[in-house]
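Biologist: I would be grateful for a close look at the salt bridges of this protein, with attention to how their partners are placed. Please set them in the context of the chain as a whole.

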Amino acid sequence: MTELEKSVDKQLMSSGYRSVQERFFKLRNNKIFEVFVISVIICSALMIGVNTYEIPSSILSVLKVLDWTITIIFLVEIVIRFVGEPNKKKFFHNFWNIFDTLIVVVSLIPIQSSDMAVLGRLVRIFRVLRMVSIIPELRLLINSLVKALPQLSYVMLLMFIIFYIYAAVGSTFFASINPVLWGDISISMLTLFRVMTFESWTSVMYETMEVYALSWIYFLTFIFFTAFAFLNMVIGIVVNVLEQERQAIEQEESKAANEPTMAELKQELEEIKMLLKQR
């Protein structure tokens, strides 16, 4: 085979691969394909729920076949997404792609022992989280929460300090009233968490008010600091980061829309070739 024939074969193989890549790229961005994958994930979630009931062995064997069918569908879907990715190196730069691949690969491993069977069930439970990687809106929410953690950590630290101070005060004054709720600082913090979440907190307050009539000030100020001030700060930080992420995605989409596609570039190259031939 001559060098010319080899180069022609390479070009044909390259053009064939590009054709497959373009088809897979269109397929993975197709809404029907996305809805199909979401339906399979929902089916997988329902199977997890069904397995928690006592079911006949005949139905159990059918569920095992369905489970392997779902795993194979997930494997094919991962392959389609990987082949359809224009830049293969960036595929595994995405956390959700790594997560999906690990879940599918571990699901393919046959696990027979009782100890490892528990791990297999856990992996199949986590397959429900693939819903996050498929739906962009869910990915946006999770990414926003993760990026908000550095700012939230300072709010949580300040909230812990308030909890600690109020728990120390409560344990000092109210331990003799109810040792079960105020016996030490750790139990007091747990009681304060109950107060912050408004879980029958008035009964706790009225119990202390029988001995300390002004103890309502202690509870109301704590609720103001935690349930009103700090929780609203947490919500504000998350909403702010969510809005920043949404704006960043809109900018990326507008930038991608302005960039020429592969089809447009090919058309321009063909036009340039035609002009050169005419000259």
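Modeller: Lys31 is exposed, with a relative accessibility of 58%. The model is a predicted one, and in it Lys31 forms a salt bridge with Glu34, the closest N and O atoms being 4.0 Å apart. Glu34 counts as buried at 19% relative accessibility, because the cut-off for a buried residue is under 20%. This pair therefore joins an exposed lysine to a buried glutamate. Both residues belong to helix α2 (residues 31-50), where they are three residues apart, or about one turn of the helix. In general, an α-helix has 3.6 residues a turn, so residues three or four places apart point the same way.

The search of the whole structure finds four salt bridges. Among them is the pair of Arg81 and Glu77, whose side chains meet at 3.0 Å, N to O. These two residues are four residues apart in helix α3 (residues 57-83), and thus about one helical turn separates them. Both Arg81 and Glu77 are buried; for Arg81 the relative accessible area is 9%.

Arg81 also forms a salt bridge with Asp100, again with the closest N and O atoms 3.0 Å apart. Asp100 lies in helix α5 and Arg81 in helix α3, so this pair ties together parts that are 19 residues apart in sequence. Asp100 is buried, with a relative accessibility of 0%. Glu77, Arg81 and Asp100 are thereby linked in a network of salt bridges.

Next to Asp100 in sequence comes Thr101, which is placed in helix α5 (residues 95-108). Thr101 is buried as well, at 18% relative accessibility. Leaving aside residues up to four places away in sequence, Thr101 touches Ile78, Phe91 and Phe92.

As to the wider setting, the protein has 13 helices and zero strands. Buried residues make up 28% of its 279 residues. Of the contacts with a separation of 6 or more, 67% are between residues 24 or more positions apart. The protein exposes about 19000 Å², of which carbon and sulfur atoms supply 68%.

The nonpolar part of the surface includes a patch of about 910 Å², with Leu157, Phe160, Ile165 and Tyr212 among its residues. Ile165 is found in helix α8 (residues 136-174) and is partly exposed, at a relative accessible area of 47%.

Terms used. Residues numbered from 1 in each chain as written. Predicted model: local features only at pLDDT ≥ 70, side-chain atom pairs only at ≥ 80, totals over all residues. Heavy atoms only, no water. Patch = residues over 30% accessible without salt bridge, like charges linked within 9 Å, V, L, I, M, F, W, Y side chains within 5 Å. Areas by Shrake-Rupley, 256 points an atom, 1.4 Å probe, with all protein chains shown as cover. Buried < 20%, exposed > 50% of the residue type's maximum accessible area, 1.4 Å probe, protein only. Contact = heavy atoms within 4.5 Å.
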